[in-house]
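Biologist: I would like a close look at one part of this protein. Please take a single residue and work outwards from there.

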Amino acid sequence: MKDKTIDAVYMCAGDTGFILDNSFGGIPQVCYWGPALGTLTPADVKAAVISNRESLDGNAPDDHVSSTLIPLESDGWLGRPALAGHRADGTSWSPRFKCAAIELPENCHIEDGVAFVDNQPVAFSATSEGSQLALKIFVEPFEQGPLRIRAELTNLSEFDYHLEELSISLNLPLEANEIFDTTGRWGKERVGQRRPVVLGCDLREGRHGRTGFDAPGFTFVGPKGFSFRQGEVWGLHTAWSGNHRTWVEKSIGAQQIIAGSEVLMPGEITLGKDETYSTPWFYAVHGYGLDDVAQQVHRWFRSRKNHPQTERPVTLNVWEAVYFNHDLPKLQKLAQKAAEIGVERFVLDDGWFLGRRDDFKGLGDWYVDEDVWPYGLTPLADMVHDLGMQFGLWFEPEMINEDSNLARKHPDWIMAAQGSTDAKDLPLQWRHQQVLNIAIPEAFEYVKDRVVSLVREYSIDYIKWDHNRDLIEAGNTQLGGRAGVSAQTHAVYRLFDEIKAECPGLEIESCSSGGGRVDLEVLQHTDRFWVSDCIDPVERQEMTRWYNQVSPPELMGTHVASTESHTTGRHSTMAMRGGTALWGHFGIEWDILEATDSEMSDLKDWIAFYKLNRDFLHSSDIVRCETPDETIWLHGVVAKDKSRALFQMVTRGRSAISPRGRLRFSGLNDSRTYTIRPVIVGNEPSGLVPPLWFGELSQADKDGRRYFDGITTTGSILQNSGVQTPRLHTDQTLLFEIVEK
């Protein structure tokens with residue numbers, strides 16, 4: 001349904017409400033974004049619109065300045081412009097858009113110029129006659145709470161339009177005066193950081209050609225001190241796996257926005273007549289506390305048709321067991337032992353393809369190396385399948401070594417900005433590799449053909465898809481070096497989709513030197529992501545804590561590694577390693593042939609516990625509790641009906657006090673009665689001294705679990721009074737099972 005007479009739209013996404021003011025006759029403005037406002041009349045909505053207009057006084061424009069969904073200088077907006085571009089002669093740099101139509105759901109209610117929309121998409125169209133540009137904005141609310149927005153810009157002129165930026169902007173209340181987002185680096189992804197909102201622009205840019213270790217994830221803004229369980233929160237995520245930016249801007253005119261865009265390199269997007277550029281999707285959330293908005297995102301993920309529908313299989317990846325030393329007898333022993341302890345997916349990592357004895361050569365030559373695998377991968381793949389496990393294989397399809405047959409045959413497929421295939425003109429190497437330009441149709445088809453052929457030949461169930469470098473000087477050599485990050489990003493999404501379409505049931509993991517490519521768009525095309533190349537459980541606890549803001553736990557690859565971390569050198573107990581891996585898609589990254597009998601027994605117990613609880617872990621609401629001491633964390637999941645919960649206490653350091661106060665378990669129902677029991681999986685965590693309320697410890701059941709008696713009490717006691725913390729050594733975990741009586 002199209003309508004040109006709508007002055008305002010009241011839209012609900014679950015428990016979140018939006019009022020879009022369309023009465024300016026141009027691009028609509030968000031004049032309200034917050035909790036749903038209940039049943040409103042058209043007069044109520046119009047009152048909200050008119051009450052959003054500022055007084056006209058002082059040294060200011062003579063008309064109301066609207067910070068619209070795409071704020072422009074032509075509207076009086078003097079902050080970061082949402083649209084930047086021009087024609088070759090310098091014209092059309094300040095378009096003025098007039099609204100032509102609103103596309104509404106057929107069943108929405110319209111009354112007195114106001115449209116009422118619940119959990120259904122709306123689109124706004126506007127045209128700039130003077131600049132010969134057409135704009136379309138798509139707003140799609142979801143019943144789980146999030147809302148996403150994107151825009152399209154079309155050139156209507158015979159003359160090219162050179163686009164520099166197109167962004168989406170949402171208004172924020174001034175009470176939102178503190179920013180929280182994340183940063184990070186290789187091996188230490190997702191570090192939380194806070195800072196105040198100040199006058200001016202707080203800008204985060206990622207120019208890595210991938211999402212980046214330091215990507216903000218969701219950028220959250222709220223009243224100072226907002227936490228997991230408290231404080232009104234607004235958030236925005238730029239869902240894009242290429243160059244991107246997100247910012248919060250506060251003007252001296254008392255306007256405050258949160259916005260995002262793709263970062264376009266110079267000359268990257270030139271629109272010919274009737275050509276269209278589309279922004280990434282931008283996801284907006286509102287709620288009370290970081291847990292609330294995380295739960296909304298998780299529920300939306302789980303509602304998708306392409307969300308993994310099968311139980312997340314226990315996975316063993318052999319990288320830290322063999323590295324490049326592919327010895328079939330050892331790999332077969334690993335597979336046999338893995339099957340014995342309950343592993344369900346076995347993954348062969350880097351080193352299987354032509355000439356790949358180290359990371360200096362071979363990338364791009366996706367043929368099994370007969371010198372290492374004289375009978376192909378069949379002996380291993382068949383054994384893995386015969387043992388009842390899935391078989392997975394590592395690829396890095398977007399990369400190429402200069403020392404490879406592919407590079408020698410197609411040097412123009414290497415991304416470079418100098419317009420030359422000479423080695424001296426190529427970009428700086430990163431991990432001894434360059435980037436393969438899969439936006440070139442022939443390169444795309446080559447990679448697709450090789451991957452699909454191998455999947456079919458060996459009945460591959462799973463691909464670990466790696467991406468081990470940033471894109472530096474990422475130009476299209478066939479076009480003289482023209483910037484190509486945006487085209488490359490679109491091409492990889494398409495490549496994921498086409499490979500999966502030709503290989504039904506195939507799952508793909510997004511790995512990028514660990515967590516270098518994790519965002520809400522790449523996760524629409526893949527089935528899980530690798531959290532980090534650092535598997536040290538102490539580091540992983542913080543990573544998964546903040547990854548939970550952008551992904552449900554079942555999409556996170558969380559593995560048990562060796563006693564000594566290959567990345568940090570830290571030694572960790574099985575209680576810490578198994579207890580940390582539990583809170584995602586459980587797996588192993590470890591040479592289990594070298595494990596002691598005690599470690600193997602514990603690992604088997606953790607696998608059994610994961611299998612027993614994975615359906616619950618991957619369907620419930622995450623909860624991160626406030627604790628009395630910064631050296632302990634308490635987090636878990638609570639069933640949607642609040643009948644059951646599983647929590648974990650983590651000791652993060654030595655405290656200045658001992659004991660460390662009471663644990664209070666959030667997310668329960670105050671009026672119900674629960675039994676809480678500490679759970680021991682395998683050996684006890686180091687240094688455990690139980691408080692009185694633990695009671696007696698049972699004998700181990702058939703799967704190695706032991707339970708303390710615990711206590712039975714009300715949800716109000718557990719949430720508000722809490723229970724005394726046990727004593728534990730540093731870097732330990734302990735589980736608490738809570739079940740309604």
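Biologist: Which residues does L603 touch, not counting residues up to four places away in sequence?

Modeller: Bear in mind that this is a predicted model. Leaving out residues up to four places away in sequence, L603 touches I341, V560, M574, F586, I588, W590 and I592. L603 belongs to the largest nonpolar core, which has 124 residues. The members that touch the most other members there are L603 itself, F346, L348, W352 and I592. I592 thus appears twice, as a contact of L603 and among those core members. Helix α7, residues 441–458, gives the most to this core, with nine residues. Another core lies apart from it and has 51 residues, including A126, Y161, L166 and L271. In soluble globular proteins, nonpolar side chains tend to be buried together.

Now the setting. Of the 741 residues in the protein, 60% are buried. Among contacts with a separation of 6 or more, 72% join residues 24 or more positions apart. The secondary structure consists of twelve helices and 43 strands. The radius of gyration is 27 Å, close to the 27 Å that the globule rule gives for 741 residues, so the protein is as compact as a globular protein of that length. Its C-alpha trace spans about 80 × 70 × 45 Å along the principal axes.

As for the outside, the protein exposes about 27,700 Å², and carbon and sulfur atoms supply 49% of that area. There are 73 positive and 106 negative side chains, and the centres of the two sets lie 4 Å apart.

Notes
Residues numbered from 1 in each chain as written. Heavy atoms only, no water. Helix = DSSP H or I, 4+ residues; strand = E, 2+ residues; numbered from the N terminus. Rg over C-alpha atoms; globule rule 2.2 N^0.38 Å. Buried < 20%, exposed > 50% of the residue type's maximum accessible area, 1.4 Å probe, protein only. Contact = heavy atoms within 4.5 Å. Areas by Shrake-Rupley, 256 points an atom, 1.4 Å probe, with all protein chains shown as cover. Lys, Arg positive; Asp, Glu negative; His and termini not counted. Charge placed at Lys NZ, Arg CZ, Asp CG, Glu CD. Core = buried A, V, L, I, M, F, W, Y, C linked by side-chain atoms within 4.5 Å.
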